[in-house]
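Visitor: Hello! I would like a close look at one part of this structure, the place where its two chains touch, and then a walk outwards from there.

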Amino acid sequence: MTLSVDVRRLVGSLQLDASFAVESGETVAVVGPNGAGKTSLLRMIAGLSAADEGRITWNGTVWDDASSGEFVSPEQRPVSYVFQDHALIPHLNVLNNVAFGVRANGGRRRVARERATRALTDVGSLELADRMPSELSGGESQTVAIARALATDPKLMLFDEPFAALDAGARAQARRLFASMSNESLARILVTHDAVDALTLADRIIALESGSIVQVGTPSELLATPRSHFVAEILGFNPMSGELSGDQLSIGTMILTVGAHEAPDGSVIAIIRPRSVSLHRSRPEGSPRNVWRTSITTVDRTSDRVRVQLGAPLHIAVEVTPAGFEALLTDTGEDLWASVKASEIAVHPA
Amino acid sequence: MSRRDRHDARTPIVILSLGIVAVAFFVLPLVALAIRVPWSSLFDALGNDATIEALLLSVITSLITTVLAVIFGVPLAWLLARSNLPGRQTIRGLCTLSMVLPPVVAGVALLASLGRRGVVGQILDDWFGVRLPFTMPAVIVAQLFVAMPFLVLTVESGFARSSMTVEEAARTLGATPWYVFSRVTIPATRPAIVAGAVLTWARALGEFGATITFAGNFPGATRTLPIATYLALETNVDDALLISMLMVILSLIILVALRGRWVGAIGGVR
């Protein structure tokens, strides 16, 4: 099945103009800065707004055609939408929220409850069934929103910044859930302003800037030929090619330990955020499992953080606070050690 | 505990004094009423057929008014809060003007429109032989005209506060606009609807000016409790005091029974 989008719409002062296709089994990330038109695009695909010009089709069936006036309303599209604020219905408990879609489609109460129970089990949150939305944490309500979106058996799922509102722990869990949901009969569109999420979770990336698509491609293609601010930003996140085997990642001569991930063994793209690396004058004690001896090649102090380029064995950029950098300079230790937590290394199939 | 501790240091003395005067102003009439009521003849008054008649008429008409206000007012409130109807501000103004109008003027306006020689009333009379003024339905029309705006405004602000995103989420899950309205929007707005209905009912129960102007004063048909009270004041003061006390107690029961939802929904705290 193919979703085919070719639309224009004026959103405030922004002229949105996008043309692309998404296939079943595929996860496409739409990335770009705030105000680029990402959410407006999702709303048109869901049927919550209409295109000024152009058309949207699903496997040849017209959903929206500005020239003929054809428009399929949101409840009739096999699409489900996970909203940024989760949009749980406040007066229904978790089970009834998840069962809502089945009920709305005319399903009997018993059937709806069974489906809701199954969807909650699938996301591993059945124990939340009797709670009210106001009693859930951000991560829990996110998980429930995903279960609710899954319960209607959608063919296309739209996610609007699903990880943005979560704290760090819940975010890692939500990413794992997202990665594990992938299946052959489901197309997914993930809107995010987080470069790393797009790179690690999507099969293809659409980079949107000021309403227009500036680049489309697989994560490796985008990294090979960056053509947008967004991709340039990813390059600042130290993307590297490596080989994954279990939780061991080899990059050149380095072997790093990575945290929980969904990537199969083999070639991967690994990302280490510059801020997640710590620098020390002597070998650090304690938790970080990835510690190596290195040297500094260049220092850039032009921004509010100091950006340090490391030499062999791992040529990556590291960002530290000015105070942290001063402390490093005045420390009497002879060596330079770098460390990064296993959970801070993101890996994605290349 | 010292006196200083018991005194809330943040309350300026001027505000405290004026506030206490305001409280006294509200409480004094109620206390005076309770003192003057001939409690011993309470049951005699309740056995008075004319009083019972007026009481029943008031309760029945005000309840019918409340039901009608909900049936027509909730959709109107939705249109004002959610639709992109042109001239919404003007429509809201016209539909809530009767709330601030002197009730007698409201009654005169009703006579001009629905009276026997009124713009519409004449047609009703000529074509269908229906004469509204000075009948029980006229009491309901008068009450509805002045009381429904309370429901419309309260429910409108309830609709404005309920989340559009939640409604959109429901649409994407397969719910038709009507399903969303009945299963998502209305339950989310229920506190505001209850609050609006109570305000409407209270206003309808106390209606006097528009009723006596448009519906007149016929025992058993249009003589409601407030009108009966006013008339009793000229013939039998004790009866007037008793009926008044009856209404105070009735209002108090409602207020206490609903205080959480009522105050919360109006104050916008929920």
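How many residues of chain A are in contact with how many residues of chain B? And what do the elements around that contact look like?

Guide: Happy to take you there. Please keep in mind that this is a predicted model. In it, 19 residues of chain A are in contact with 15 residues of chain B. On the side of chain A that touches chain B, the elements that give two or more residues are S7 and H2 of chain A. Sorted by class, that side of chain A has 11 nonpolar, five polar and three charged residues.

A good place to stand is helix H9 of chain B, residues 164-172. Its buried residues are Val166(B), Glu168(B), Ala169(B), Ala170(B), Arg171(B) and Thr172(B). These buried residues pack against elements of chain A, namely helix H1 (38-46), strand S7 (79-82) and helix H2 (94-104), and also against helix H10 (177-205) of chain B. After H9(B) comes Gly174(B), with a positive phi near 110°.

Let us cross to one of those partners in chain A. H1(A) is mostly covered, with eight of its nine residues buried. The buried ones are Lys38(A), Ser40(A), Leu41(A), Leu42(A), Arg43(A), Met44(A), Ile45(A) and Ala46(A). A glycine follows this helix too: Gly47(A) comes after H1(A) and has a positive phi, near 90°.

Now back to chain B, to see what H9(B) belongs to. The secondary structure of chain B comes to 14 helices and zero strands. The C-alpha trace of chain B spans about 80 × 65 × 30 Å along its principal axes. Of the 270 residues in chain B, 36% are buried. Among contacts in chain B with a separation of 6 or more, 76% come from residues 24 or more positions apart.

Helix H8 of chain B, residues 136-161, is a helpful landmark here. Helix H6 (residues 103-114) of chain B packs with H8(B) at an angle of about 125°, and their axes are 10 Å apart. H6(B) and H8(B) are therefore oblique to each other. The crossing of H6(B) past H8(B) is right-handed. From H6(B), the residues at this contact are Pro103(B), Ala106(B), Gly107(B), Leu110(B) and Leu114(B), and they meet Val141(B), Ala142(B), Phe145(B) and Val146(B) in H8(B). By class, the contact of H6(B) with H8(B) has eight nonpolar residues, one polar and no charged.

H8(B) also meets helix H4 of chain B, residues 49-82. The axes of H4(B) and H8(B) come within 6 Å and cross at roughly 40°. That angle makes H4(B) oblique to H8(B). H4(B), too, passes H8(B) in a right-handed crossing. The contact of H4(B) with H8(B) divides into 21 nonpolar, five polar and two charged residues.

To finish, let us visit some strands further along the sequence of chain A. An open sheet of three strands has the order S16-S21-S17 in chain A, with antiparallel pairing. Its edge strands are S16 (278-280) and S17 (290-293) of chain A, each pairing on one side only. Neighbouring strands of this sheet are turned by 25° against each other on average, direction ignored. Three bridges join S16(A) to strand S21 (residues 337-340) of chain A, and His280(A) has Trp337(A) in S21(A) as its bridge partner.

Strands S18, S19 and S20 of chain A can be followed in turn. Strand S18 (residues 296-300) and strand S19 (residues 306-310) of chain A pair antiparallel over four bridges. Between S18(A) and S19(A), which form a hairpin, there are five residues, and Asp300(A) stands opposite Arg307(A) in S19(A). S19(A) also pairs antiparallel with strand S20 (residues 317-320) of chain A, over four bridges. The hairpin of S19(A) and S20(A) has six residues between its strands, with Gln309(A) opposite Ala317(A) in S20(A).

One last stop is Leu329(A), which lies in helix H9 (residues 322-330) of chain A. Leu329(A) has 9 other C-beta atoms within 10 Å, so this residue is exposed. Its C-alpha atom is separated by 57 Å from that of Ala51(A), and the two residues are 278 residues apart along the chain.

Technical notes. Residues are numbered from 1 along each chain as its sequence is written. Chains are lettered from A and ligands numbered from 1 in the order in which they are written. This is a predicted model: local features need pLDDT of at least 70, side-chain atom pairs count only at pLDDT 80 or more; totals for chains, interfaces and linings use all residues. Two strands pair if DSSP finds at least two bridges between them. Axes are lines fitted to C-alpha atoms, for helices over the stretch in contact, and angles run from 0 to 180 degrees between N-to-C directions. A residue is buried if 20 or more other C-beta atoms lie within 10 Å of its own, exposed if 12 or fewer, and partly exposed in between; C-beta atoms are placed from the backbone. Two residues are in contact if their C-beta atoms, placed from the backbone, lie within 7 Å. Ala, Val, Leu, Ile, Met, Phe, Trp, Tyr, Cys and Pro count as nonpolar, Asp, Glu, Lys and Arg as charged, and the others, Gly among them, as polar. Angles under 35 degrees count as roughly parallel, over 145 as roughly antiparallel, 65 to 115 as roughly perpendicular and the rest as oblique. A crossing is left-handed if the near helix is turned anticlockwise from the far one by less than a right angle, and right-handed if clockwise.
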